[in-house]
Amino acid sequence: MPLKRTFEISIQDDREGAFTLWISGRLETENLRPFLSEVETLLEGKVPAKMTVDLSRIEFLDSAGALGLLRLEEKAKAKSISFDFIHVSGDAKRIMGLINREALSTEPLVSDQESSSLIEQIGEVSLKICNDFVSILTFLGDLLTALAHSIFRPRSVRWEDVFFYMKRAGVEGLPIVGLINFLLGLIIAFMSSLQLKQFGANIYVASLVGVAMVSELGPIMTAIIVAGRSGSAFAAEIGTMKVNEEVDALITMGFDPTRFLAVPKVLAAMLVVPVLTLYADFFGIAGGLVVGVIGLDLTVYTYIQETMKVITIESIMKSLIKSVVFAMLISGIGCQRGFQVRGGAEAVGSATTSAVVAAIFLIIVSDSAFAVLFTYI
């Protein structure tokens, strides 16, 4: 059954190519589509210099009707037509003020049309990567500025939050970091012993495990675990605050979100990840020790002495330098992805996943750079 018509539209032509649009009756949800359709029909083929909409005869206006009027204004301005509302009642102004005009021109979070062409898809992905790179560099600049400010003004740092995140990222991560690296050292020792036993070189299992854990596997595995535990948590926390408009509230109150939210997380990660790396190295070597003593008939003293021969202060310092850089990358990308969240719970989940993937990628890339750097320096 068709809806009863509850509005009337008439046009009065003025001089100099301008005209006035008279709207009377009720503009509401039920007749929004017929209203927009009739307006388009009346204005088809007309491009006036000025359009005036008289609302003095409006009897009722809800938010849908107000949206229709703002859509009419948007279309007129898109055609470079001077537009104006006259005789707007107080109630109508209040209803129209509830509409977020910026949201009308904002692109949707999910595109209605998907690219069917391979070239278009490649172009979209390339643009997305470039925009993401620019966004990361912009956030990096803000973060470095905030960290420099914290160094010169340590009292401005929220140290209670720093200690809280050190507990979450460090103390609570000790069991999983220790277990994984212990098993990793055990596996490396076992697999390498299968080959070295053929040459009677069982003693070199200790050297191999020590070098592998301290130089590469200890920092990398610790960083990957921290990225999965803490990097994702940072992104989810800030992303949820972004969705709940808590970040906007901080800005309104005069706080810098980067200093207030990101700096404590980054400082906590940079302080705790090197300690976790040393802890991981110890457990990795302990895992190799178990294989050496049980499977290779080595004594504890012999295994430790051989390990100490290949582990130097220089190798430990290189490992700690790596871990500090990894910590900054993990916490920084987690916070950056959190600040990028737009939408609802689904966007928070996407940001969390993106933070972990991006952090692991940056860890591998930076470790490759360190390998080349430490080789030739």
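Arg168, at 27% relative accessibility, counts as partly exposed, a class that lies between buried (under 20% relative accessible area) and exposed (over 50%), as calculated with a 1.4 Å probe and protein chains only. The model is a predicted one, in which local features need pLDDT of at least 70 and side-chain atom pairs count only at pLDDT 80 or more, while totals for chains, interfaces and linings use all residues. Residues are numbered from 1 along each chain as its sequence is written, and side-chain values use heavy atoms, with hydrogens and water left out.

Arg168 forms a salt bridge with Glu237, and the closest N and O atoms of the pair are 3.8 Å apart. This pair links distant parts of the chain, since Arg168 belongs to helix 6 (residues 159-169) and Glu237 to helix 8, with their positions 69 residues apart in sequence. Helices here are DSSP runs of H or I with at least four residues, strands are runs of E with at least two, and both are numbered from the N terminus. A salt bridge is counted where a side-chain nitrogen of Lys or Arg is within 4 Å of a carboxyl oxygen of Asp or Glu, and by this rule the count comes to 10. Side chains of opposite charge can pair when their charged atoms come close. Glu237, with a relative accessible area of 25%, is partly exposed.

Helix 8 takes part in another such link through Glu216, which forms a salt bridge with Lys322, the closest N and O atoms being 3.0 Å apart. Here too distant parts of the chain are joined, with Glu216 in helix 8, Lys322 in helix 12 and 106 residues separating them along the chain. Glu216 is partly exposed, having a relative accessible area of 28%, whereas Lys322 counts as buried at 2% relative accessibility. Lys322 also forms a salt bridge with Asp367, for which the closest N and O atoms are 3.2 Å apart. That pair connects Lys322 in helix 12 with Asp367 in helix 13 (residues 345-376), 45 residues away in sequence. Asp367 is buried, with a relative accessible area of 8%. Salt bridges that share partners also join Arg168, Glu237 and Lys265 into one network.

The helices also hold buried residues without charge. Ser323, found in helix 12 (residues 313-339), counts as buried at 0% relative accessibility. Leaving aside neighbours within four places in sequence, Ser323 is in contact (heavy atoms within 4.5 Å) with Val273, Pro274 and Thr277. In helix 10 lies Ala280, which at 0% relative accessibility is likewise counted as buried. With residues up to four places away in sequence not counted, Ala280 touches Val177, Asn181, Met213, Gly218 and Thr222. The C-alpha atoms of Ala280 and Asp132, 148 residues apart along the chain, are separated by 33 Å.

Gly292 is another residue of helix 10, and at 0% relative accessibility Gly292 counts as buried. Its C-alpha atom is separated by 7.4 Å from that of Ala206, although the two residues are 86 places apart along the chain. Gly292 touches Asp297, Leu298 and Tyr303, again without residues up to four places away in sequence. Of these, Asp297 is placed in the loop between helix 10 (257-295) and helix 11 (300-310), and has a phi near 60°, a positive value in a residue other than glycine. Asp297 counts as exposed, at 68% relative accessibility.

A positive phi, of about 65°, is also found at Glu245, which is not a glycine. Glu245 is in the loop between helix 8 (204-243) and helix 9 (246-252), and is exposed, with a relative accessible area of 53%.

On the surface, Ile176, Leu179, Leu183, Ile187, Phe190, Met191 and Leu194 form a nonpolar patch with about 620 Å² of accessible area together. Patches are made of residues with over 30% relative accessible area and no salt bridge, where like charges are joined within 9 Å and nonpolar side chains (Val, Leu, Ile, Met, Phe, Trp, Tyr) within 5 Å. Ile176, one of the patch residues, lies in helix 7 (residues 174-196) and is partly exposed, with a relative accessible area of 32%.

The strands remain to be described. Strand 2 (residues 18-27) is mostly covered, seven of its 10 residues being buried. Strand 2 pairs with strand 3 (residues 50-61) in the parallel sense over nine bridges, pairing being assigned if DSSP finds at least two bridges between two strands. The bridge partner of Leu27 is Leu61 in strand 3.

Definitions and conventions. Areas by Shrake-Rupley, 256 points an atom, 1.4 Å probe, with all protein chains shown as cover.
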